[in-house]
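Reader: I am new to protein structures and would like a close look at a single part. Please take me through the strands and how they pair, and then show me what lies beyond them.

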Amino acid sequence: MSTVIYGGEDGLSCIKPVEYYFTANVLVNEGVLQAKCRVKLSNLGAEPENTVQILLNRGLKASSVEQSGRRVIFTQRLCKFPDLKEIEVNLIEIHFERPLKPGDTTWITLAYEGEVEGYEEVFTYARDKIDENFSLIRTDVFSYPVVGAPEFKKLVSLLPSQRFNYRLEITVPEGFKVANIGRLLGYRRKKDMVTYIYVSKLPSWRMDIAVARFKLLFDKEEDLRVFALEEDYVHAERIMHELKRCLAFYREWFGEPVFWAGYTVVEIPEGWGGQADVCGMLLDSRCFRDENEVGGLYHELAHLWNVPSGEKIPSRFLDEGFASYFQLLAERKFLGEEKFREKMKFSRRRIIQMAEKNPILLEIPVASYGEYMVTDASYFVGAWILYILHRIVGDEYFKKAIKRFLKHYSRKPATLGDFKETIVEVCGTRIEKFLDEWLFGNKAVTYLKKRVPLEHLLSAYKP
Ligand SMILES: [Zn+2]
């Protein structure tokens, strides 16, 4: 790897994308993506930057790079992540004509094409490809230029915290539809191809572009959209109904979402994973078709009630822990107490399995999950922490405390310390011991692994 001097104190470049103009032909019959992507970069650091690193899918090759309309020097080569060797990307290094000064912005344009290759060997859900059945372009497999470093640990904290606006012009063969959670500005037809033009509704951390024979269900009153695969359109009405009742439930418990600009659900094939951004979600077919799996929708929707993380390396408690517990609450409300109990038990079993596989979980606090790259555990441990907290303080205080936390940190990043502070503020110092031991200590996993009965846990912390 050639040497790059990073400006960021945490070893990250301070260059961030603030805008994307993404134009692409999605040649579904040939399995090829031809794209031109303009990215506006901003130097948010204190030092001038000479280069920027861009990651592209290993199957995609850049043919030219321009800066403000002029060709610039760049290198590209396949590169494995040092901390996750199975991930290989096309690493592009662009040398600016002049150093990019702190506070300055510049536009770079990359033209590239090729076949998008998934990363199924590492992330079973990352099955992205360009194909006549279903095509997906998203951050996870670097189908568009991702600004960052070729290192998993760094990307995990970098990508969810970036915010950019985007404009898409996606051309597909007639008969196919382009689904995106942004606002559709219009179409252009030329011969037997159609170009869909979308813009982001709110600054986003990711772009997801799906191409298939979609059918769309629209609810004007609440500004909700459901893109269903043709054969699954029969489920679209039910999904719309679930969206509405779950939104109403979360609103009733936790107040208005942190941001709101309408909401779009895009169905993706089974096993391709779910994703959420501030205006919509990708929903796995399994959750779309099977009414018993609607928890996936409740989960992604719950991410609307997340605040930005201010942790150095996010533990994912504030987003995944929260979304997992909100999901459980929605399941209890709509699917019944029994389903809820069953899910809590399942969650505990997962924690035990995870701790057996990776005993470090018995030693470290949730606050360190990011650092030790065990954030997967936050889904389950986080849900249990919120559950016990809820049981100790009761409905009224739980709702009040979470509401206040979300409101207070909607625009400014929160740490786990901030979370504790708000909870103690609302519920009193009686809750301190629990939070210290479960969130900042290792009691959550050790107690759950020992299968300490719920009543014992509650009586240990109830005043
Ligand atoms: Zn999630």
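Author: What follows is a walk through the sheets, and then a look at the other parts. Keep in mind that this is a predicted model.

Start with the bigger picture of the chain. The domain assignment gives domain 1 (1-212), domain 2 (220-305) and domain 3 (317-461). The strands we will follow carry residue numbers, so you can place each of them on the chain as we go.

Take the sheet of eight strands. It is open, and its order is β5-β4-β8-β2-β1-β11-β14-β13. The pairing in this sheet is mixed. At the edges stand β5 (70-71) and β13. Each has a single partner strand, so one side of each is left without a neighbour in the sheet.

What holds neighbouring strands to each other? Strands of a sheet pair through backbone hydrogen bonds, and they do this either parallel or antiparallel.

Now go in from the β5 edge. Strand β4 covers residues 60-67. β4 and β5 pair in the antiparallel sense, over two bridges. One bridge is easy to find: E66 has R71 in β5 as its partner.

Move on to β8 and β2. Strand β8 spans residues 105-114. β8 and β2 run antiparallel, and 10 bridges join them. Look for K36: A111 in β8 stands opposite this residue.

Now turn to the other neighbour of β2. Strand β1 holds residues 15-27, and strand β2 holds residues 32-43. The two pair in the antiparallel sense over 12 bridges. K36 in β2 turns up again here, as the bridge partner of T23. So far K36 has A111 opposite in β8 and T23 as a bridge partner. That is a good residue to click on.

How do β1 and β2 connect? They form a hairpin, with four residues between them. G31 sits in the turn and has a positive phi of about 75°.

Follow the sheet to its other edge. β14 and β13 are the last two names in the order. β13 covers 183-190 and β14 covers 193-199. The loop between them holds K191. Phi of K191 is near 50°, a positive value in a residue other than glycine. Is K191 buried or exposed? Its relative accessibility is 83%. Exposed means over 50%, so K191 counts as exposed.

Next comes the sheet of four strands. This sheet is open too, with the order β6-β7-β3-β10 and antiparallel pairing. The edge strands are β6 (74-81) and β10 (146-147), and each pairs on one side only.

Begin at β6. Its partner β7 spans residues 84-100. The two pair in the antiparallel sense over eight bridges. L78 has N90 in β7 as its bridge partner. A hairpin joins β6 to β7 through two residues.

Then go to the β10 edge. Strand β3 covers residues 49-57. Two bridges join β3 to β10, and the strands run antiparallel. Here L55 stands opposite V146 in β10.

That is the strand tour. Now look beyond it, at how two domains meet. The centres of domain 1 and domain 2, taken over C-alpha atoms, are 26 Å apart. Domain 1 gives 23 residues to the contact, and domain 2 gives 26 residues. The area buried between them is about 1,800 Å². Carbon and sulfur atoms give 67% of that area.

Next, find the zinc ion. Its protein donors are H299 (NE2), H303 (NE2), E320 (OE) and E320 (OE). They lie 2.0 to 2.7 Å from the ion. In sequence the donor residues are spaced H-x3-H-x16-E. Both H299 and H303 are buried. Why is the arrangement irregular? The four donor atoms subtend angles of 52 to 144° around the zinc ion, which makes it so.

Finish with the helices. Helix α5 (residues 317-335) is mostly covered, with 16 of its 19 residues buried. After α5 comes G336, whose phi is positive, near 105°. Further along, M373 lies in the loop between α6 (337-357) and α7 (378-408). M373 is not a glycine, yet it has a positive phi of about 55°. Its relative accessible area is 40%, so M373 is partly exposed.

Key: Residues numbered from 1 in each chain as written. Predicted model: local features only at pLDDT ≥ 70, side-chain atom pairs only at ≥ 80, totals over all residues. Heavy atoms only, no water. Donors = N, O, S within 2.8 Å, 3.2 Å for Na, K, Ca; no water. Tetrahedral: all angles 85-135°; square planar, octahedral: opposite > 155°, others 65-115°. Buried < 20%, exposed > 50% of the residue type's maximum accessible area, 1.4 Å probe, protein only. Pairing = 2+ DSSP bridges. Domains from an automatic or database assignment. Contact = heavy atoms within 4.5 Å. Buried area = accessible area lost by both parts, 1.4 Å probe.
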